[in-house]
Amino acid sequence: MAKQYDVLVIGGGPGGYVAAIRAAQLGLSAACIESQSYADAKGEVRLGGTCLNVGCIPSKALLQSSEMYEQAGHGFVMHGIGFDGLKIDVATMMKRKDNIVAQLTSGIRGLFKKNKVTLLSGRGSFVGREDDLWQVEVAGAAGSELVSARHVIVATGSTPRSLPDVAVDNELICDNVGALSFGAVPKRLGVIGAGVIGLELGSVWKRLGAEVTILEALPDFLAAADQAVAKEAWKVFTQKQGLSIHLGVKILKVSRNEAGVAIEYESGDETYTLECDRLIVSVGRVPYTEGLGCDNVGLELDSRGRIAVDGQCRTKLPNVWAVGDVVPGPMLAHKGMEEGVMVAELIAGQAGHIDYDTVPWVMYTHPEIAWVGKTEQQLKREGVAYRVGQIPFAANGRALGQGDTTGFVKMLADAQSDRILGVHIIGNNASELVAEAVVAMEFGASSEDIARICHAHPTLSEAMHEAALAVDKRALHF
Ligand code: FAD
Ligand code: NAI
């Protein structure tokens with residue numbers, strides 16, 4: 001007799017593992033199928049998906065290590081701290097990153113045990129439906145088994161988008177997997193795509209000494225960000241940090257040669273060749289549904305290969321749901337996790353909810369970039385009347401004390417109601433500061449609400465306070 005569950009989750013990334021835990025917390029019998037073992041994991045499947053294994057967590061570990069190296073090399077001197085012989089041991093840096101990943105992924109196994117979620121190791125694919133129960137095959141190393149469930153949540157995530165005729169080997173030409181595991185600092189690093197991965201991982205290797213050239217197809221830099229932020233970031237990344245970024249290019253050919261990789265590209269009317277030792281291709285990600293057996297049950301994909309869902313992550317099939325990178329919306333771990341919680345709660349008969357308008361975005365470059373809500377250009381396009389308050393960190397005592405005054409906080413509020421419509425931050429700790437704006441927007445706060453809240457002194461959060469005051473043209477310290 002096939003094992004039977006109330007909820008069967010396919011995919012153990014942030015969307016999937018959180019959905020399974022929440023379902024179990026709500027008293028449902030839950031299982032999660034995961035297939036990925038990753039090279040260093042002794043054959044055991046590793047939970048946590050892209051995020052924990054080859055995404056958010058390892059990239060942030062390397063960003064921290066490389067930022068400390070950068071600070072030691074260039075930032076300490078202003079504090080009167082100096083020393084000779086600074087060096088980077090890439091193997092130790094990578095080992096630290098791998099240990100963090102191992103700790104967190106095994107932590108999720110622990111959470112599964114604690115919450116009584118069954119882990120099914122193998123590849124899950126839909127077989128059919130009998131008596132209101134979905135049949136799913138789990139093909140593992142030791143063979144296949146058929147399991148059945150009342151509800152199925154698909155959380156199979158995404159994979160890197162590839163460029164035609166550019167074969168990724170994760171040695172010379174890398175996607176995120178290879179780019180997070182270089183054995184040494186490349187002398188010349190090429191990056192195709194000036195998006196989040198290109199800028200985060202480009203920054204890591206630049207700080208450690210690589211000459212980094214980023215080739216971007218779009219004519220605008222960080223087109224999705226508020227343009228004031230994008231402009232400031234451009235200035236810092238290119239002029240201060242020396243990232244070489246070329247916009248509006250067309251990649252013509254990528255070839256391996258004895259020296260490394262040659263990228264032929266067109267810019268304006270000219271053709272150029274970029275020679276580099278290693279290349280990162282980071283041109284976006286695509287939803288992953290390979291081998292899921294969508295056709296076996298008629299699970300509908302949209303024109304971009306994403307699983308088609310309604311506003312509450314329901315597919316058109318009864319009791320089949322989908323969350324995370326495999327469905328429309330930003331490909332962000334926290335968005336997938338919230339969807340996972342929402343779906344588990346809906347299955348349990350509760351009022352599951354997610355507010356897509358207050359999903360924060362963060363880029364962990366230095367300075368960090370974070371925002372929530374609308375950009376100024378979006379408000380202009382939509383014809384919304386707004387007021388704006390912008391405060392530079394140069395006017396913030398804590399930022400000065402920390403020796404890092406780059407950037408600003410910019411708040412946009414509705415001209416009539418004063419409701420906060422968007423907050424855009426570029427600066428140290430922007431990733432943490434944005435949380436206040438998310439909470440404020442979630443509660444429908446006005447800029448005056450933030451302006452009337454006591455913020456600890458001296459903190460970076462005072463820049464948020466001052467930006468709120470500045471909306472009403474009454475900043476106290478600027
Ligand atoms: P995934 O994490 O991709 O997990 C899907 C899982 O399903 C995988 O483990 C896969 O093996 C498994 N699977 C697929 N098909 C099957 C099947 N048929 N049977 C069984 N298992 C299957 N987001 C942020 O919010 N913050 C960040 O800082 C951040 N940094 C990133 C850095 C990098 C370099 C990358 C690449 C991504 C980053 N992201 C970040 C994005 C984040 O990783 C994804 O949004 C998130 O992992 C998506 O979660 P998911 O559960 O939808 O899918
Ligand atoms: P991205 O969508 O952020 O950036 C891809 C960039 O490549 C874009 O600027 C695009 O215009 C460019 N591009 C596309 N085709 C090109 C071509 N042929 N030639 C040159 N440039 C080209 O995608 P990225 O950086 O690959 O990351 C994938 C996703 O992973 C992100 O969208 C994000 O959802 C997630 N992520 C999130 C992070 C975070 O939250 N801090 C960090 C890293 C990734």
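Which atom of ligand 2 lies 2.8 Å from a backbone N or O atom of Gly-284? In this predicted model, the partner of the Gly-284 backbone is an oxygen atom of ligand 2. The protein covers 78% of the 840 Å² of accessible area that ligand 2 has on its own.

Two glutamate side chains also make polar contacts with ligand 2. An N or O atom in the side chain of Glu-216 is placed 2.6 Å from an oxygen atom of the ligand, and a side-chain N or O atom of Glu-200 is found 2.9 Å from a nitrogen atom of ligand 2. Glu-216 and Gly-284 also belong to the closest residues of the shell, together with Ile-197, Met-331 and Val-362. In total, 22 residues surround ligand 2. By class, this shell comprises 13 nonpolar, four polar and five charged residues.

The surroundings of ligand 2 are drawn from separate parts of the chain. Domain 1, assigned to residues 3-159 and 286-354, contributes at least three residues to the shell, and domain 2, assigned to residues 173-283, likewise contributes at least three. Among the secondary-structure elements, helix α6, spanning residues 196-207, makes the greatest contribution to the shell around ligand 2, with three residues.

Ligand 1 is surrounded by 37 residues, of which Glu-34, Thr-50, Lys-60, Gly-124 and Asp-325 come nearest. Three polar contacts can be described for this ligand. A polar side-chain atom of Asp-325 lies 2.8 Å from an oxygen atom of ligand 1, and a polar side-chain atom of Ser-35 is positioned 3.4 Å from a nitrogen atom of ligand 1. The backbone participates through Leu-332, an N or O atom of which is located 3.3 Å from an oxygen atom of ligand 1. Of the 1,000 Å² of accessible area that ligand 1 has on its own, the protein covers 94%.

Several helices and strands line ligand 1. At least two residues of its shell are supplied by each of the helices α1 (14-25), α2 (49-54), α3 (56-75) and α9 (333-347), and by each of the strands β2 (30-34) and β4 (123-130). The greatest contribution to the shell around ligand 1 is that of α2, with four residues. The composition of this shell is 13 nonpolar, 19 polar and five charged residues.

Technical notes: Residues numbered from 1 in each chain as written. Chains lettered and ligands numbered in written order. Predicted model: local features only at pLDDT ≥ 70, side-chain atom pairs only at ≥ 80, totals over all residues. Heavy atoms only, no water. Near = heavy atom within 4 Å. Polar contact = N/O pair within 3.5 Å; in protein donor to acceptor, adjacent residues only side chain to side chain. Areas by Shrake-Rupley, 256 points an atom, 1.4 Å probe, with all protein chains shown as cover. Nonpolar A, V, L, I, M, F, W, Y, C, P; charged D, E, K, R; others polar. Domains from an automatic or database assignment.
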